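Let's take a walk through this one together, from a pair of charged side chains to the nonpolar core and back out to the surface. Keep the viewer open as you read.

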Amino acid sequence: MTSILDDAKKLIKNRDETHGNFYKNLQLTAKLWSAYLGVEIKVYDVTNMNNMQKISRSKTGKPAREHFADQAGYAELGYQSTRIEANDLVSMGIGLEITD
């Protein structure tokens, strides 16, 4: 059996085909939620809240393997989005470069 992380990698790899560019999707979701709620929602907030939804589904339903793989995937996308934002700030000359 493959690991949850392997499942998450497959989900991330194939998601552009079904959902489009992950960062643009998260940006749009953050803007929509911000407008709806009247508070600023950041891109990484979207991934964190998506994870909370998966936790809720595990609590009210069955703790399915899919939920755990999705959580790992959202964690990775959240991390990637913070790297994209940090690199954008660096390119504008107003941020510090993040290195692994």
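Before we start, one cut-off: a residue counts as buried if its relative accessible area is under 20%, as exposed if that area is over 50%, and as partly exposed in between. Also bear in mind that this is a predicted model.

With that in hand, go to Lys 54. Its relative accessible area is 4%, so Lys 54 is buried. Which acidic side chain meets Lys 54 at 2.6 Å, N to O? That is Asp 70, and the two form a salt bridge. Asp 70 belongs to helix 4 and Lys 54 to helix 3, so this salt bridge ties together parts that are 16 residues apart in sequence. Like Lys 54, Asp 70 is buried.

Lys 54 has another partner in Glu 66, where the closest N and O atoms are 3.9 Å apart. Here again the pair links two helices: Glu 66 sits in helix 4, which covers residues 65-91, and Lys 54 in helix 3, so parts 12 residues apart in sequence are tied together. Put the two salt bridges side by side and, through their shared partner, Lys 54, Glu 66 and Asp 70 become one network. In general terms, side chains of opposite charge can pair when their charged atoms come close.

Stay in helix 3 a little longer and look at Asn 51. Is Asn 51 buried or exposed? It is buried, because its relative accessible area is 14%. Leaving out residues up to four places away in sequence, Asn 51 touches Asp 70, Gln 71, Tyr 74 and Ala 75. So Asp 70 turns up twice on this tour, as a contact of Asn 51 and as a salt-bridge partner of Lys 54.

The salt bridges come to 4 by count, and one of them joins the side chains of Glu 40 and Lys 42 at 3.0 Å, N to O. The setting can be read from the accessibilities: Glu 40 is exposed at 60%, while Lys 42 is partly exposed at 35%.

Now for the nonpolar side of things. Nonpolar side chains tend to be buried together in soluble globular proteins. The largest nonpolar core here has 8 residues: Phe 22, Tyr 23, Leu 26, Ala 30, Ile 41, Val 43, Val 46 and Leu 77. Two elements, helix 2 (22-37) and helix 3 (43-60), each give two or more residues to this core, and helix 2 supplies the largest share, with 4 residues. Ala 30 is a handy spot to centre your view: beyond its neighbours within four places in sequence, Ala 30 is in contact with Ile 41, Lys 42, Val 43 and Val 46.

Two members of that core, Phe 22 and Tyr 23, deserve a closer look. A search of the whole structure turns up 1 aromatic pair, and Phe 22 and Tyr 23 form it in an edge-to-face arrangement, 6.3 Å centre to centre with 75° between the planes. Both rings belong to buried residues: the relative accessible area is 12% for Phe 22 and 11% for Tyr 23.

Finally, step out to the surface. Tyr 36, Leu 37 and Val 39 make a nonpolar patch of about 370 Å². Val 39 lies in the loop between helix 2 and helix 3, and with a relative accessible area of 45%, Val 39 is partly exposed.

Key: Residues numbered from 1 in each chain as written. Predicted model: local features only at pLDDT ≥ 70, side-chain atom pairs only at ≥ 80, totals over all residues. Heavy atoms only, no water. Core = buried A, V, L, I, M, F, W, Y, C linked by side-chain atoms within 4.5 Å. Buried < 20%, exposed > 50% of the residue type's maximum accessible area, 1.4 Å probe, protein only. Contact = heavy atoms within 4.5 Å. Patch = residues over 30% accessible without salt bridge, like charges linked within 9 Å, V, L, I, M, F, W, Y side chains within 5 Å. Areas by Shrake-Rupley, 256 points an atom, 1.4 Å probe, with all protein chains shown as cover. Phe/Tyr/Trp six-rings, centres within 6.5 Å; stacked < 30°, edge-to-face > 60°.
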